[in-house]
Structures are given as structure tokens and as C-alpha cells.
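The following questions and answers introduce a structure to a reader who has not met it before. Please keep the sequence and the model in view while reading.

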Amino acid sequence: MRRILAALLFSITLFPLFSTEPFNGWERIKTGHFTIVFEEKSRESAMEVAGFCEEVYAKVTGFFGSYPDNILTVLHDRSDLSNGSFYPAPPHLNLYVTSPAVPLMGAQEGNWLKILLTHELTHYVNLTYGKGIFNALSKVLGKSVTTVPGGFMPGWAVEGIAVKLETDLTKGGRGRNPFFEMEYKAQTISGRFYNWRKAVYPSSFPPYDRIYQAGYLINDYLSRTYGNDIFMRIYSRYTTVPFLGFNHAVKKVTGNSVEEIFTAMEQELQQRYGIHKNTFGTLVSPEVTGDYYLPVITEKGWILYRRTQDRGSALVLYDPETEHETILAKAFLHDYASYTADRTGNSVVFASFDIQGNHPSGERYSSDLFLLDGSSGRVSRITRDKHLWQPALSPNGKRLVAVKKQGQYSYLVEVNSDTGETQPLFSRPETNVYTPSFAPNGKSIVFTINDKGKQEAAVMHQTGDVELISESIAGEKYFPEFISDNSVLFSADTDGSLALYRCTFTGPGGTAGLDKVCEDPVGAYAGTLYGDSVVYGSYSPNGFCLKEKPLPSGNSDPSGSRTVTIAEPAGKDSTPEKAEAVETPYTDWPNLIFWLPVPFSMDPLDSALSLAPGFVSYFQSPLGRISMEAAFSLLPSPLQPEGMVTFQYSGGPVQIQYSLLQGYSRYADEGHGVQTTVQSMDVTFPFIQRYLLGTTTLLAGSAGLLDRYSLYSPEDFSFPSPAVPGLSSRYLFGYTGVSAAVKQVGSIKDIIPPRNLSLASFLYFTLNSFSVSPGWNGRFSLSVPSLFKHQVIRVESRAGSSVEGLDLRPDLRGNLQSTRTEDGRITGAIDYLFTLGIVDIPILGGLSLQGIAGGIHLEKDAGFDKEGFSADSQIYTGAELIFRLGYMTVVQELGFGFNTRINTADPYDFNLFNDTGLYIFLGTDSFLSNRIINKNSSGVSGIY
């Protein structure tokens, strides 16, 4: 509890509510086939995309033989995270401007946005394919309907063709990336390759990019075996008859099943990687499922970043002899190379995200530097809104440098650790820099430069001169690190596999010698010295790992080496070519996603169904700010309209929701029909909505109106002929309240969040009868770890008092009827929940089981009124099973449980049907997932 409250105070006091970077709205430019939407700060990137997008369009559409028009492409420049997506509702592309900080899609393509557009445009053209039954239906029912077949394709097919084309149509791509190859090479050599059913969906087991990896391998094998047009022959068959499934189309076109193709592909990989002259190094990281990254060797020991299923993400002090870990800070870093330490290990600097969800432009990810005091464990913030990552401390801790974002590119800066201000050290147009490292004497800095797809290691000397030190060998260079004042270790894929090379140089303009010092059958992607050994990073079926080999003796051979000086004035801005385009403001209007006729009644106030003509429809804007839903049906007898209309607006610091519900019910036992109209308006202000250092903090206030109008008649009546005059009621309510939550994430095995505090309180008052006392409801939930790992104790309470026309009292789990009749009711519960296991089990199609949790609970309720509280002898107890289910890339917890009433005064007074209730819930908290407001009483479910 104390740790949760400290995290809340830390989030509120240390960070402002909004970013210092202003938001001035969205602009757009148009090309022949694209509408590019961007902020003013992204103009350079937008013009750059406009300059090459038609070239990319011609290549991708030519492959598919499908030619969509007016492709909406949104550039996001407030995220220091590299990403991209195709979104089907409405169809558009999201391109995140920031280039990857670690090798992701191949170093040979120097323009991140070009390779990203190739990948995402492949999804767009593929999933909006201009042929097939759903494409025909989309002409009538809405453009997004054409993407329906994509929702039933296996993950390997969806992502695989995009990875294949990003490789075939650019200079880079994951198919040319040795880091990507390391993953399936490790699976193959170890004999632990996953089966074809697991290639359908991603998993919490490595490799985490399984659908991308398997997809590329399968598509590459298909292309080489059946011809370059094989995917389109399969996909054309699939979209013609999608109900038979994608695997059926594969079998019909190739004559072989997916299983047979996958087996042949795996056998080919075994032949490719089956014979190795090199030997593996000694494993020095724990043999557990998770990732261990290259350590910083200090006087205190190894300081490294690790992420495991069992213990989550953290910076730790690691002893390789005993495999003992001491957690220094729980944090999710910007990338796995974004941490550094001084020689003593007392100062550790790392880069992590400050994620703000209520920014006017949408979600915002800012990467900044934090200082960890290795002695006290205290974490303090060095920079704010500086967009920095991959820091490097000099051995004496007096100098700090880092990589800084500049559009899609980056440059090297020096950081004042006291003020957080930055000073440019090295910058070149259209160039990225990566992974700086200081020499032991603190005078020189080595880093990687990617200049238009050519990636080399470079040294900045004390004089400020910069020279390449790795051009004398082929391939791309990664993760350079000083191992002495004039010697650097880096990795390169010179021989087709990542190996470590040592470069020894004499100074600016001098000669350099190169020799290979470490190789591994899977690959050695980065290394450092530990005594007389090389500790290097590699990959295993369990994830990224650390290995050790003796350092070869002897000097490097300088023959054939050369040095190229590329010094440039520090701080020079990147000036990419611009396209000429007309710029106009962009307004985020909603588009029709789909509409669908339905043959049944759509009464939102009554769960009963009846035959009646109607329709449902959905609208959404591309940026997700506005969404609308409409459902309508017409009861023929009596003639009554039923349905709903909802409108939602999310503008960062304000969220607005309006709903209109219309329904008709028959109450034969009471002898009348009821026509009800309910309107509600809710305005929410998310004052704090951010994630930082493993803690999510939410604080929001809201207010709204609720209007419920009902007409009654002793008999059924039609809408044009209303009920008997006078038989009506109207309730008009206002409400306001506040809610707050603090949640700390655990490991993958923590299906139940181990630390969570949430509370809310709302006041409801009548506006058409001020003499009526107001009602209220509230909730409280606290979760803390138990004495055993991945087991949680959760204490919760809900309370509410009724007001005329509105029942605010809480329900019991399983919809058991409370024995309390007072106007107010309070329900309390204690749950003991536990993870039963993390699994990786394919079920059917893209559906998978990824984890199981269980729980037992004890629940009690009491009534209260002006006279005080009162309780009886009834208690409630039960158990639950919670399944973590995945469908393609979506993961959702689904729970099943039962609740049983026990009369402690008379245990034999028990009826199985009346005293036991079964229930199903989404998420991991069945107590709070129950309806707080009775749907049949208010017409609104879950106001808060």
C-alpha cells in the first residue's frame, strides 16, 4: 500500500499534466494516390514521404494488381517509439516518424519511412483487395467491409507478405537483417522450432515476432518453390471463397497443406544451418525464458537490463558466477541498449518512456534520461521532453552523451546532467547515429553512423575529428565499444553471420588494424571484455542471452586497413529533399465503417429479442477522435421504434459522450406496455493519464446529465398513438464525480496485476425534484502481492444509495439477489488470486490459450439508511477460472465463476438453484465488472 501511494505522489508532483510542446492542429498534403496528414513539427517528414510515396505505390500495387485511391496516411511525430500500422476502420495508415534505435528492418535501407511505408502499404493494398465477395459487398455496406477476410487470415500470412515485400522492394528489410535471422537460426540449430499451428498468432514465448518470422520464411519458400506470384494466386482464391479459410486456398493452389509446406521449409533451414565449424560460447546468463542484454562491467559487478516471464523488466546487478540478481530499478527502457554506468557503478543512467494519454494530439511517448543512484536506489529525472536515448557515461561519470531525435533521423549530443540541457556533438543530413561509448580515458567516443544505408563504426577524438574505423571489411557494423583507449570491439555481418571484430588504431589519420575475435553459430551481435574473455550477446530459443569466450591472443593485422575522415560541423540539420505539394488544414471527420440490415429488435433497455426489421451502423474518424454508433428496429405490432444512437468525442484533455436510447417493453403480469426514452451526456476530464517507470497513473473528473422519460398504458400502444394521458414519468438527473487509479505492472506471469489501487465516488441528484435527497455510489479496490510469487490478495468494496428512479446499489456476483432491502447497500469482498500457468496452446484458427489464473473469494453485504448499518447472517463465497485468450494480435482475459450464498446461522438452509449463481466476465476483476447501475432501472450501464 505504501509503495502504491508513493507511486501516485511521484506521478502527480514530479510531472506536469501536459507537454511543453504545443499542438496546433493537423495539416494535409495530397499526391496522386495519397493524402498525408501531419503536424507542423512533421512537415519535413511529410514532404519527404510525399517525394517517394508514388514510387512505393507503383511497386506494391503492381505486385497485387489492385490499385486503391486516396490512401490516408497519418504521420505521428510525438512518439519516440518506432512503429507503424494499417487500421481498417476506416482504412488508413499510421506511420511513426522515429527510426528504430536498434536493428529492426535491416540497415541497408537508410530511409526508415520508405521501408515502413512499403510494409504498411502492403497491408493496405492486401487487406483492401479490389476483388472478391467482400469487396463487392463493401460497395454497399461500407468501405471497411472489404477488410473482413483479413481478420480470418493466419498471422503468418498477414505479416509474412509485408515482410517479404519490404525485403524485395527496398534495399533493406528483415529478410536481409542478421538480427532477424539469429532468431530462426537459434530455433533451427537447437531443434526447438515451433510448429505450424503456432505460426498463426504471436505469443509471450520467444521469438516474440513469430508471425513476422514464420511469415517471411513461409512466403520466401513459397515464392522460390511455386513462383513469385504464388501469394496472389492463393489470395485471389481465398477472397473468392473466404468462408473455406486461407489454408484451404493454400492447399488448392499448391497441392500441399500448410503443414506440409511448413515442414519442407523447416527441413530446408536444417540443411542450411545444420553444419557448423564454430563452437558455441559458454552460457553466462540464466537459462530461463526471457532476454538478457550486454552488461556494463563496473567495480560493483555487471549492471545489465533483463526482461523475463517470471520477473519482468528491470535493471539489475548481476553476478555471473552465482547467477544472483539484485534489482536496481524496475523500468521498461526505450530499447535494450539504453543504459550506461560509470566505472564505480554508483551512477547508472537509462532512457525510459514518459507516456501521456491525454495529450491533445493523442497518445504521446517521450523518451528521457533518468539517473539511478547505485548506492541508495533513488531514481531522479535528468531531462524532460528532450527525446533522448542510448546514453553513455564517461568512466569517471563527468560526461554524459546520448542520441537525440531529429525527425526520422538522429544525432549525437552532450547532456548536462545537472540542467538536462543538450549540446550537439555530431550531426549529418539524413543520417542516424546509434550506441555511443566512451574510451576508458574518457577522451574519445565511438558510435555507429548510418548514412543512407551504409552503416559504419566511427570514432570522435578529443579534437572533435570524426573518422570511420570499419570500412576495410564488408557488411554493416553494430554496437561498437571501446575495450582500450585505442581499440574498439564491434559486430559485423561480413561473412553472412554476426561476429565480433577488433579494430586497433593509432589516432586521427593513422592506420587501423582489424581482426575477428569472436564468432558463434547463431551470431554474436555485441561484446565487451571481462578479464581475458569476451562476453557477447547472442540469441537462444529462450530469448536474448549472454555467452563467454576467451579473447584470442596476438595483435591485429593492419594490412589493407584504411581510415576515412568524415568530420562535419556539429549540429548541422538534416535537409532531405522535399516534394512540391499544396498544404491545407485537415479535419478529422467520421467515416462510415459499415451498416448492416438485421432481422431482430434492437431494444437497448430490454434483453428480450423479437423479429423486427432494422439496421446497425458504425462511424469513426481516422484519428479516432470521433465515433458514432446507430442501431434501429421497428416493431410491427405494436408499431414502435427501438434502438440507440451514441456519439463519442475524445480530444485529449476532454472526452464527451452522448447517447439516446429508445425501447418498448411489455409487462403482461402488470397489464401494461412501457415506452421509454433515455438520454445521457457525460463529460470527462482526464487530468492525469500517464505511464512512467512501470507505473500507470489515472486521475479523472466527470459530470453529466441523465434524462429518462416513460409512457405507460394498460394495453400495448403504438408510437403514433401514445399512452393514456397522465400515465407517464420523467426523471432528470445530474451527476458528478472523480476516479483515480495507480497500477504497477508485473511480469508476464502476473496475469493478475500485483499492485493496484483504484477508487471512485459519484453523486447523483434529481433536477426535477430538488426535495429528493441525492444518491451516490462509490468503489474501492486494493491489490497487493501475497507471500508467494504471482499470487495476489485483493480487497474491494462498493456502495450505493438509491434515489427515486435510479437504483445505485451494487449487485452481487452471479446476479444473486441481496437479502438487504435498505435504500443503501455496501458490498465488500476479499479475493485470493493466483497464476496457474503461462502457456502457448493453439486452439482453433487464430485463437490461442496463453495463460490460466484462478481465484477464490469471500463476499459480504450490508444495508444502511438513516438509522445506520445492519447486516444479516448471509455470506457469499465462490471460485473463478480466468483464461488469457489470444486471437491474432489481440489478447483478452475471459473469466468464469460461481458465487454461493451461505446462511451461517443455518447452513442447512440452502437451495442450489436459488443460492448459487454462475457468471462470465471480461478482464481479471469480476467484482467491479458487475453492473453498478441496474440496466432496467436507468437505461444506462456502467456510468463509471
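Contact means heavy atoms within 4.5 Å. Helices (H or I, at least four residues) and strands (E, at least two) are DSSP runs, numbered from the N terminus. Axes are lines fitted to C-alpha atoms, for helices over the stretch in contact, and angles run from 0 to 180 degrees between N-to-C directions. This is a predicted model, in which local features need pLDDT of at least 70 and side-chain atom pairs count only at pLDDT 80 or more, while totals for chains, interfaces and linings use all residues. Residues are numbered from 1 along each chain as its sequence is written, and side-chain values use heavy atoms, with hydrogens and water left out.

Q: At about what angle does helix 3 run to strand 5?
A: Helix 3 comprises residues 112-127 and lies across strand 2, strand 3, strand 4 and strand 5 (91-96). Its direction relative to strand 5 is about 160°.

Q: What is the order of the strands in the open sheet of six strands?
A: Two strands pair if DSSP finds at least two bridges between them. The pairing in this sheet is mixed, and its edge strands, strand 4 (84-88) and strand 32 (583-585), each pair on one side only. The order is 4-5-3-2-1-32.

Q: Which residue in strand 3 is the bridge partner of phenylalanine 34?
A: Strand 2 (residues 34-39) and strand 3 (residues 71-76) run parallel and are joined by four bridges. Within strand 3, phenylalanine 34 has as its bridge partner isoleucine 71.

Q: Which helix gives the largest share of the largest nonpolar core?
A: A nonpolar core is a set of buried Ala, Val, Leu, Ile, Met, Phe, Trp, Tyr and Cys residues joined through side-chain atoms within 4.5 Å; buried means under 20% relative accessible area, exposed over 50%, partly exposed in between (1.4 Å probe, protein chains only). The largest core has 68 residues, and those touching the most other members include Ile36, Trp156 and Phe262. Its largest share is 10 residues, from residues 43-64, that is, helix 2.

Q: Why is the pair of phenylalanine 180 and tyrosine 184 classed as it is?
A: Rings of Phe, Tyr and Trp (its six-membered ring) pair if their centres lie within 6.5 Å; planes under 30 degrees apart count as stacked, over 60 as edge-to-face and the rest as tilted. Both residues belong to helix 6 (residues 178-190), four residues apart. Because the ring centres are 6.0 Å apart and the planes stand at 80°, the pair is edge-to-face.

Q: Is phenylalanine 180 buried or exposed?
A: The relative accessibility of phenylalanine 180 is 3%. At this value phenylalanine 180 counts as buried.

Q: In which helix does tyrosine 216, a partner of phenylalanine 180, lie?
A: Phenylalanine 180 and tyrosine 216 form an edge-to-face pair, 6.3 Å centre to centre with 70° between the planes. The pair links distant parts of the chain, 36 residues apart: phenylalanine 180 is in helix 6, and tyrosine 216 is in helix 7.

Q: How far is the charged end of arginine 210 from the ring centre of tyrosine 201?
A: A charge sits over a ring if NZ of Lys or CZ of Arg is within 6 Å of the ring centre and within 35 degrees of the ring normal. Arginine 210 sits over tyrosine 201 in this way, and the distance is 5.0 Å.

Q: How many bridges pair strand 38 with strand 39?
A: Strand 38 (residues 672-692) and strand 39 (residues 695-713) pair in the antiparallel sense. Threonine 676 stands opposite serine 710 in strand 39. The number of bridges is 19.
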